[in-house]
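Subject: Structure handover: pockets

Hello,

Here is the structure I promised to pass on. Please open it alongside this note.

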Amino acid sequence: MSSTFFIPAVNIMGIGCLDEAMVAIGKYGFRKALIVTDTGLAKAGVAKMIAGKLAMLDIDSVIFDGAKPNPSIANVELGLGLLKDSGCDFVVSLGGGSPHDCAKGIALCATNGGQIRDYEGVDQSTKPQLPLIAINTTAGTASEMTRFCIITDESRHVKMAIVDRNVTPLLSVNDPALMVAMPKGLTAATGMDALTHAIEAYVSTAATPITDACALKAITLISNNLRLAVSDGSDLAARENMAYAQFLAGMAFNNASLGHVHAMAHQLGGFYDLPHGVCNAVLLPHVQSFNALVCADRLRDVAVAMGVDTHGFSPEKGAQAAIAAIRNLSRDVEIPAGLRELGAKLNDIPLLASNALKDACGLTNPRVADQRQIEEIFRSAF
Ligand SMILES: [Fe+2]
């Protein structure tokens, strides 16, 4: 079986790497940036700080702080309008998954024309996007280094998965010094998102030895560091390990893709406007219980990566140990126990399930599921 490995050409990471990244940005010869961010980072002055550093490189910029959590088609269109009116020749995304995804939508439409809805699915665009430099502040969605762009179509209440090599950023930046301000809840949710990426990629039907290595290392780093990063946000060593972990998990799922957890979580996020990482964290043990029938040996590896001594365990017992370890981590970082707590409604399950079956992320789940089975998993997660 052949495989293709996608990753940005240049990736700069580590505590205090932002200045090194700015030197790299200065060498591309760009003139004016659209800085895509959210209101929180704009209000905290982080976007202005980046604009100031660009100005020192003689690069002009304009700030667009309209990337909402679960960014929408309207957010993309507003940013695209500002980009065109301002004559920007590249895009800088600053934040977590929402600003990166919104920026990808803007940069893709800037060169390909049309609307972001036109690019739903896999590799629907024909031209490279406007150059995108992604400065990450969470750990994380890994959107700063992936070819995945998730945009909410508010009219349909669904999250569109745009999986397109052309949305891969030119340069990714992961400076843990920009992550210390993340509150506990966001640290926990984004960390569990990264764990979900690693586990779904590891049990994916498209996994390769390269993605396996990335996934297992990510799982170990997350198991050893997420609790620390949540309990003490200023623990720079834990923050740096989480930055590496989420990047490794991104390398894994960017190439092995995901599974039913993401396909189902996208529907919850799109329907109820819920945080992506929390939806994943709640669904993860339930989907892996469903998957254990066909990939127990792989889930036993997950248990080992999470520090469980599986000596003498059958694959089935190892899979149960992995699911227990996931639940323990989730509980320790105070993820809500079920979907009811998140405000989901039992009556919506049939529609959520049918939309989940249309999501491209489910295609590589190790166990094929039908409408009834997806509905059952949703119910079990209530
Ligand atoms: Fe995710």
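Below is what turned up when the pockets were examined.

First, a caution: this is a predicted model.

**Largest pocket**

The largest pocket has a volume of about 960 Å³. Its lining counts 48 residues. Closest to the centre are Gly96, Gly97, Ser98, Thr138 and Leu186. Start there if you want to find the pocket on screen.

Several elements give two or more residues to this lining. They are helix 2 (39-43), helix 5 (97-112), strand 7 (148-153), helix 6 (184-203), helix 9 (260-272) and helix 10 (276-305). Helix 6 gives the largest share, with six residues.

By class, 22 of the lining residues are nonpolar, 19 are polar and seven are charged.

Where does the largest pocket lie with respect to domain 1 and domain 2? It lies between them, because domain 1 (10-178) and domain 2 (184-380) both give residues to its lining.

**Second largest pocket**

The second largest pocket has a volume of about 410 Å³. It is lined by 22 residues. Nearest its centre lie Arg147, Ala206, Asn255, Ser257 and Thr364.

This lining divides into eleven nonpolar, eight polar and three charged residues. Domain 1 (10-178) and domain 2 (184-380) each supply at least three residues to the lining of the second largest pocket.

**In brief**

Both domains line the largest pocket. Both also line the second largest pocket.

Best wishes

How values were computed
Residues are numbered from 1 along each chain as its sequence is written. This is a predicted model: local features need pLDDT of at least 70, side-chain atom pairs count only at pLDDT 80 or more; totals for chains, interfaces and linings use all residues. Side-chain values use heavy atoms; hydrogens and water are left out. On a 1 Å grid over the protein atoms alone, a cavity is a set of points where a 1.4 Å probe fits but cannot get out, and a pocket is an open set with protein on both sides within 12 Å along at least five of seven lines; lining residues have an atom within 4 Å of a point. Grid points are joined across faces, edges and corners, and a volume is the space filled by probe spheres set on the points. Helices (H or I, at least four residues) and strands (E, at least two) are DSSP runs, numbered from the N terminus. Ala, Val, Leu, Ile, Met, Phe, Trp, Tyr, Cys and Pro count as nonpolar, Asp, Glu, Lys and Arg as charged, and the others, Gly among them, as polar. Domain bounds come from an automatic or database domain assignment.
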